[in-house]
Amino acid sequence: MAKSAQATKTAREAYCPHCFLLVDQNVAPDWPEQPTRCPHCRLLIGPGRGRPTPEANPGARGSAAGVFAHQAKRDDGDDNASKDDVREAICRVAEELGSRPERLLMVDYQQRASGDDSLPTLSEVFSAFGSWKRARREAAA
């Protein structure tokens, strides 16, 4: 087998073992080679500790949500999205994921918002509504 074909066959996506969000693509199975900081939850991923799938045990994604909420509440971003912008963004992400707005997980929203500058950040969501639950509830109404 040619070297490039073999490399393509073993390359995969890498997910954070803490928040289970996508961190990198086309990586070796033992990713990362060196400790790497997750861009989402900011926790350190040890060598070879990346996960090949976003699947997590029940409750694991809730731990990541706590990290995101804490970070968003402490962030002093200058951007201020309106309540209407936040409600619209939550509805849009929920629809894209095939979910109802009141059931949308914060980590799923964070994953989309980290790659889409048109969506309000979690900091802006917390600034507008004070909590993720309140923002989801209002988006669903």
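The accessible surface of the chain comes to about 8,700 Å², and 45% of that area belongs to carbon and sulfur atoms. The coordinates are those of a predicted model, and every value discussed here is to be read with that in mind. Of the 141 residues in the chain, 33% count as buried. Among contacts with a separation of 6 or more, those between residues 24 or more positions apart account for 52%.

The secondary structure comprises 6 helices and 4 strands, and when it is read along the sequence it follows the pattern α-β-β-β-β-α-α-α-α-α. One helix, together with the helices it packs against, can be followed in some detail.

Helix α3 runs over residues 83–97, and because a helix is expected to advance 1.5 Å a residue, its 15 residues should span 21 Å; the C-alpha atoms at its ends are indeed 21 Å apart, in agreement with that expectation. The buried residues of this helix are V86, A89, I90, V93 and A94. Viewed down the axis of α3, these buried residues fall within an arc of 125 degrees, and they therefore line one face of the helix. The spacing along the sequence can be read in the light of a general property: an α-helix has 3.6 residues a turn, so residues three or four places apart point the same way. On the other side of α3, by contrast, E88 and E95 are exposed.

What do the buried residues of α3 pack against? Their partners are α4 (106–115), α5 (122–129) and α6 (132–140). Directly at the end of the helix, α3 is followed by G98, a residue whose phi is positive, near 75 degrees.

Two of these partner helices, α4 and α6, are also joined by an aromatic contact, since the structure holds 1 aromatic pair, with Y109 in helix α4 and W132 in helix α6, and this pair links parts of the chain that are distant, 23 residues apart. A pair of aromatic rings is described by the distance of the centres and the angle of the planes. For Y109 and W132 the ring centres are 5.4 Å apart and the planes stand at 45 degrees; the pair is therefore tilted, given that planes under 30 degrees apart would count as stacked and those over 60 as edge-to-face.

Both partners can also be placed with respect to the surface. Y109 has a relative accessible area of 0% and is buried, while W132, with a relative accessible area of 6%, is buried as well; in each case the value is to be set against the cut-off of under 20% that defines a buried residue.

Notes. Residues numbered from 1 in each chain as written. Predicted model: local features only at pLDDT ≥ 70, side-chain atom pairs only at ≥ 80, totals over all residues. Heavy atoms only, no water. Helix = DSSP H or I, 4+ residues; strand = E, 2+ residues; numbered from the N terminus. Buried < 20%, exposed > 50% of the residue type's maximum accessible area, 1.4 Å probe, protein only. Contact = heavy atoms within 4.5 Å. Areas by Shrake-Rupley, 256 points an atom, 1.4 Å probe, with all protein chains shown as cover. Expected span 1.5 Å × (residues − 1). Arc of directions from axis to C-beta. Phe/Tyr/Trp six-rings, centres within 6.5 Å; stacked < 30°, edge-to-face > 60°.
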